[in-house]
Amino acid sequence: MKKFNVGVVGATGMVGQRFLTILENHPWFDVTVVAASARSAGKTYKEAVGAKWVMTTPIPEKVADLVVMNATEDINEIASKVDFVFCAVDMKKDEIKALEEAYAKAECPVVSNNSAHRGTEDVPMVVPELNNNHIEVIPMQRKRLGTKRGFIAVKSNCSLQSYVPALYPLSSYGIKDVLVCTYQAISGAGKTFETWPDMVDNVIPFIGGEEEKSEQEPLKIWGKVEGDAIVNATSPSFTAQCIRVPVSDGHMGAVFVRFENKPSKEEILNVWKNFAGRPQELELPSAPKQFLHYFEEDNMPQTKLQRNLENGMAVSIGRLREDTQYDYKFVCLSHNTLRGAAGGAVLLAELLCAEGYMD
Ligand SMILES: NC(=O)c1ccc[n+]([C@@H]2O[C@H](COP(=O)([O-])OP(=O)(O)OC[C@H]3O[C@@H](n4cnc5c(N)ncnc54)[C@H](OP(=O)(O)O)[C@@H]3O)[C@@H](O)[C@H]2O)c1
């Protein structure tokens with residue numbers, strides 16, 4: 001695979017820092033541009049990020065002295081320097097929508113962490129192991145935008161990256177109803193215990209907008225490309241409660257599920273064990289070897305023990321058992337800033353490169 005020059009838009013933020021860290025030694029991608037707000041533009045990256053650097057490893061040498069570009073003012077210059085950008089910015093939703101379209105229209109593909117375009121019908125929202133075929137909508141999106149290369153592709157919300165991967169491979173049994181409670185880490189709010197001391201020894205039973213995303217976004221993943229859009233599925237039916245817990249990284253989900261044709265426990269375990277998607281087939285650099293890991297022990301998976309499994313890109317599942325009201329219940333875990341944010345976006349970018357969309 002040839003090397004691609006990439007930009008990180010929102011590079012000084014929590015997700016931006018994670019992008020730079022995981023791209024440090026990437027075999028295909030070289031970070032040549034970092035961009036952020038006017039507050040950071042013109043400074044070297046290490047000056048701009050300063051004490052906001054929260055990764056456990058130092059700022060990658062290659063980016064420390066790059067001069068931060070202005071994410072909103074320098075779009076054409078950035079587009080001329082890179083093959084595509086990753087985008088993770090904290091701005092108003094309509095501003096992000098306009099910003100990402102501006103990059104796409106400057107013929108610079110955007111792989112986004114932001115939620116702004118997740119509902120846009122011709123923007124694929126991809127978990128690469130599950131609905132990789134949704135990238136087939138990109139030519140239709142290019143037609144709408146009037147571009148040759150430029151397009152937007154997004155990853156889904158971090159909350160659902162634990163339970164959707166566990167459920168989607170069971171679709172052939174006809175999933176009817178899903179009830180899920182998520183227990184979400186504070187890094188999902190861009191916070192640490194230092195910056196959010198109120199979270200120490202505490203649980204907050206509300207995360208703005210999260211339950212809606214957790215219930216609605218799965219229907220796009222189960223959707224189909226029809227004509228020039230992705231048409232959302234109408235089932236399974238999801239109901240969710242999302243709770244913030246005092247954990248640094250790692251979102252856990254407790255799932256209850258009802259099927260049309262109830263599989264046996266052994267059938268479910270077999271599906272999980274044998275499941276592999278397009279990233280595994282293509283042996284993409286960030287793909288976990290085994291996407292779904294099942295743990296037999298009653299007290300697994302545990303956030304501290306399993307969140308970094310396969311570089312934080314695998315999903316851990318445990319406690320599958322029959323339920324008194326639903327057919328089954330189980331617990332699942334995924335790393336919210338790796339699989340759930342920057343890592344998931346890097347894997348999506350690898351898929352898009354391997355399938356020829358970044359040529
Ligand atoms: N944290 C997570 O786990 C997570 C997971 C999934 C998705 N997300 C999404 O990813 C995005 C970024 O989240 P985050 O936690 O990384 O936020 P963050 O730490 O607050 O970082 C925000 C970034 O956006 C830049 N920015 C802010 N206002 C801007 C403007 N007007 N123009 C250009 N750049 C601007 C900031 O630059 P300055 O430093 O110059 O201000 C910074 O680089 C959000 O949409 C969030 O919802 C986050």
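## Pairing around strand β1

Two strands count as paired here when DSSP finds at least two bridges between them. With that in hand, welcome to a tour of this predicted model. A good place to start is strand β1, which covers residues 4–9. β1 runs parallel to strand β2, residues 29–36, and 6 bridges hold the pair together. To find one spot in this pairing, look for Gly7, which has Val33 of β2 opposite. The two strands also belong to a β-α-β unit: β1, helix α1 (residues 14–23) and β2 form one that is right-handed.

β1 has another parallel partner in strand β4, residues 84–87, with 4 bridges between them. Two of the contacts are easy to follow in the structure. Val6 has Phe84 of β4 as its bridge partner, while Val9 is matched with Cys87 in β4.

## Strand β4 and its step to β5

Which residues of β4 point one way, and which the other? Phe84 and Phe86 share one direction, Val85 and Cys87 take the other, and all of them are buried.

β4 pairs with strand β5 (residues 110–112) as well, in parallel and through 3 bridges. Val85 finds its bridge partner in Val110 of β5. Helix α5, residues 93–105, joins β4 and β5 in a right-handed β-α-β unit.

In the loop between α5 and β5 sits Glu107. Its phi is near 65°, which is positive even though the residue is not glycine. Is Glu107 buried, exposed or partly exposed? A residue is buried with 20 or more other C-beta atoms within 10 Å and exposed with 12 or fewer. Glu107 has 17 C-beta neighbours inside 10 Å, so it counts as partly exposed.

## The mixed sheet

Moving along the chain, you meet an open sheet of 6 strands. Their order is β10-β7-β11-β14-β13-β12, and the pairing is mixed. The edges are taken by β10 and β12 (292–295); each has a single partner strand, so one side of each has no neighbour in the sheet. On average, neighbouring strands of this sheet are turned by 20° against each other, with direction ignored.

At the β10 edge, β7 and β10 run parallel and are joined by 8 bridges. One pair to look for is Gln184 with its bridge partner in β10, Arg244.

## Helix α8 over β7 and β10

Helix α8 takes up residues 210–221, 12 in number. From first C-alpha to last it reaches 17 Å, close to the 16 Å expected at 1.5 Å a residue. Its buried residues are Glu210, Lys213, Ser214, Glu217, Pro218, Lys220 and Ile221. Why do they lie on the same side of α8? They cover an arc of only 150° around the axis, which puts them on that one side. The spacing has a familiar background: an α-helix has 3.6 residues a turn, so residues three or four places apart point the same way.

What covers these buried residues? The cover includes α7 (163–167), β7 (175–184), β9 (229–231) and β10 (237–244). The helix lies across β7 and β10, and runs at about 145° to β10.

## Loops and unusual backbone geometry

Several loops deserve a closer look if you care about backbone torsions. Gly227 is in the loop between β8 (224–226) and β9. It counts as exposed because it has 10 C-beta neighbours inside 10 Å. Its C-alpha is 25 Å from that of Lys213, with their positions 14 residues apart along the chain. The loop between β9 and β10 contains Pro236. Here the peptide bond from Ser235 to Pro236 is cis, and its omega is near 5°.

Another cis peptide bond leads from Met300 to Pro301, with omega near 0°. Pro301 belongs to the loop between β12 and α11 (303–306). Glu283, in the loop between α10 (278–281) and β12, has a positive phi of about 50° although it is not a glycine. Is Glu283 buried or exposed? With 10 other C-beta atoms within 10 Å, Glu283 is exposed.

Conventions:
Residues numbered from 1 in each chain as written. Predicted model: local features only at pLDDT ≥ 70, side-chain atom pairs only at ≥ 80, totals over all residues. Expected span 1.5 Å × (residues − 1). Arc of directions from axis to C-beta. Contact = placed C-beta atoms within 7 Å. Right-handed = clockwise from strand over helix to strand, strands pointing away. Axes fitted to C-alpha atoms, helices over the stretch in contact; angles between N-to-C directions.
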